[in-house]
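Good morning, everyone. Please take a look at the structure on the screen, and keep the sequence open beside it.

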Amino acid sequence: MRIRSIKPEFWRSDDIDALSIPDRLLFIGLWSYVDDNGVGLFSIKNIVGDLFAGDMLRDSNETLIRVKEGLKALFERSLIEIYSQDGNTYLAITNWGKHQRVPNPNKPRYPRPSADSETPLYLFNESLIRPHKSLRTGTGEQRNRGTEEQIPPIAPQGARSESESHEPTSEPTRHFEQFWALYPNHDYPDAAVREFKRVLRRTGTERVTLVALLQGAQVLRDEHRDPRYIPTASKWLHDGGWKNKPKPRAQQRAPVASRSQQNLDHNRQVVERALALEQEQERRQQASKELTA
């Protein structure tokens, strides 16, 4: 995430005025999400995790749908470009130089769109969340907003759905997508899916709720540690990482002044005391003259 600026003319732009207020906020948030070249990976779960982590905890499904529809609105109005290149899908801010002037930009991490770039046709036509193959289809009211595909029902906590009557597979579910969007280390996702399902299948005194896992992942994310030093999600789940208490942030010690700086500070204090003494003497002399007058 990067610090960005907003120009005053942004708010009077006809393109921006045509957007809903949530979509304007999403567009501004994407400026911090992309690199200094205005490009980032097109990953809805990463975008949601970086920009709307708190909303995910409050209402994860609504947040995912809202962000997906917002990205679609920005794409249709040509405010962002979404394209595939070299096997990856990227998101680029259109007219990046118009929105941001980045002094001393870092080396670009991702390529800008080129003549070889292609726009994925399936981009906004497929279901946002991949349903488990063996889950039952829901009712007509359980349709994803803007699509005709149904969101599979979720079994109550502690109960087994039809998909859990066998050994857990590595196919992600809606609950796992919520957890994965928050957890800061995205290595070995298949192992994470299997361990995630095993944890939620626990019953009795060992029962674990989805809320506990989401809150634990959020706590770990809020520590802002380097992902390289964060355990993989499968190990974190296996070890019961959601039970860990937040680590207190290390207190920063005040920097010790150099010897030369200490000498300068001492000399300044001597001068200040001398000036104060001189002013006090002048005040007393003036008071004495006024008494004798």
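Which residues are linked in a network of salt bridges? Asp 55, Arg 58 and Arg 66 are. We will come back to them shortly. One caution before that: this is a predicted model.

So how far does the predictor trust it? The mean pLDDT of the chain is 77. Of its residues, 77% reach 70 or more. Among the elements, α2 has the highest mean pLDDT, at 93. Helix α11, residues 259–292, has the lowest, at 80. Now find residues 125–167. There pLDDT stays under 50. The model still has 77 contacts beyond four places in sequence for that stretch.

Next, the sheet. Three strands form an open sheet, in the order β1-β3-β2, and the pairing is antiparallel. Which strands are at the edges? They are β1 and β2, since each pairs on one side only. On average, neighbouring strands here are turned by 30 degrees against each other, direction ignored.

Let's take the pairings in turn. Strand β1, residues 39–41, is joined to β3 by three bridges. Val 39 stands opposite Ala 92 in β3. On the other side, β2 and β3 pair over six bridges, again antiparallel. Ile 80 has Ile 93 in β3 as its bridge partner. Ser 84 has Thr 89 in β3. A hairpin connects β2 and β3, with two residues between them. In that turn, Asp 86 has a positive phi of about 55 degrees.

Is β3 largely enclosed or open to the outside? Five of its six residues are buried, so β3 is largely enclosed by the rest of the structure.

One helix belongs in this picture too. Helix α2 lies across β1, β2 and β3. Its direction is at about 115 degrees to β3.

That takes us to the nonpolar cores. The largest one has 27 residues. Which of them touch the most other members? Phe 27, Leu 30, Leu 71, Ile 80, Leu 91 and Ile 93 do. At least two residues of this core come from each of α2, α3, α5, β2 and β3. Helix α2 gives the most, with six residues.

Stay with Phe 27 for a moment. Leaving out residues up to four places away in sequence, Phe 27 touches Phe 10, Ile 16, Leu 74, Leu 79, Ile 80, Ile 93 and His 99. Ile 80 and Ile 93 are the bridge partners we just met. Apart from this core lies another, of 22 residues. Its members include Phe 179, Leu 200, Val 208 and Leu 237.

Now helix α3. Ile 44, Ile 47, Val 48 and Gly 49 are buried there. What do the buried residues of α3 pack against? They pack against helices α2, α4, α5, α7 and α9, and against strand β3.

Helix α3 also holds one end of a salt bridge, so let's turn to charges. Side chains of opposite charge can pair when their charged atoms come close. How many salt bridges does the structure hold? It holds nine.

Here is one of them. Arg 221 and Asp 50 meet through their side chains, at 2.5 Å from N to O. Arg 221 is in helix α9 and Asp 50 is in helix α3, so this pair ties together parts that are 171 residues apart in sequence. Are the two partners buried or exposed? Arg 221 counts as buried, because its relative accessibility is 18% and the cut-off for buried is under 20%. Asp 50 counts as partly exposed, at 33%.

Back to our opening network. Arg 66 and Asp 55 meet in a salt bridge at 3.4 Å, N to O. Arg 66 lies in helix α5 and Asp 55 in helix α4, so the pair ties together parts that are eleven residues apart in sequence. Arg 66 has 28% relative accessibility, so Arg 66 counts as partly exposed.

One last pair. Lys 235 and Asp 239 form a salt bridge at 2.9 Å, N to O. Lys 235 is partly exposed, at 47% relative accessible area. Asp 239 is partly exposed as well, at 49%.

To close, take three things away. The strands run in the order β1-β3-β2. Helix α2 gives the most residues to the largest nonpolar core. And the salt bridge between Arg 221 and Asp 50 ties helix α9 to helix α3. Thank you.

Technical notes
Residues numbered from 1 in each chain as written. Heavy atoms only, no water. Salt bridge = Lys/Arg side-chain N within 4 Å of Asp/Glu carboxyl O. Helix = DSSP H or I, 4+ residues; strand = E, 2+ residues; numbered from the N terminus. Buried < 20%, exposed > 50% of the residue type's maximum accessible area, 1.4 Å probe, protein only. Contact = heavy atoms within 4.5 Å. Core = buried A, V, L, I, M, F, W, Y, C linked by side-chain atoms within 4.5 Å. Pairing = 2+ DSSP bridges. Axes fitted to C-alpha atoms, helices over the stretch in contact; angles between N-to-C directions. pLDDT = per-residue confidence, 0-100.
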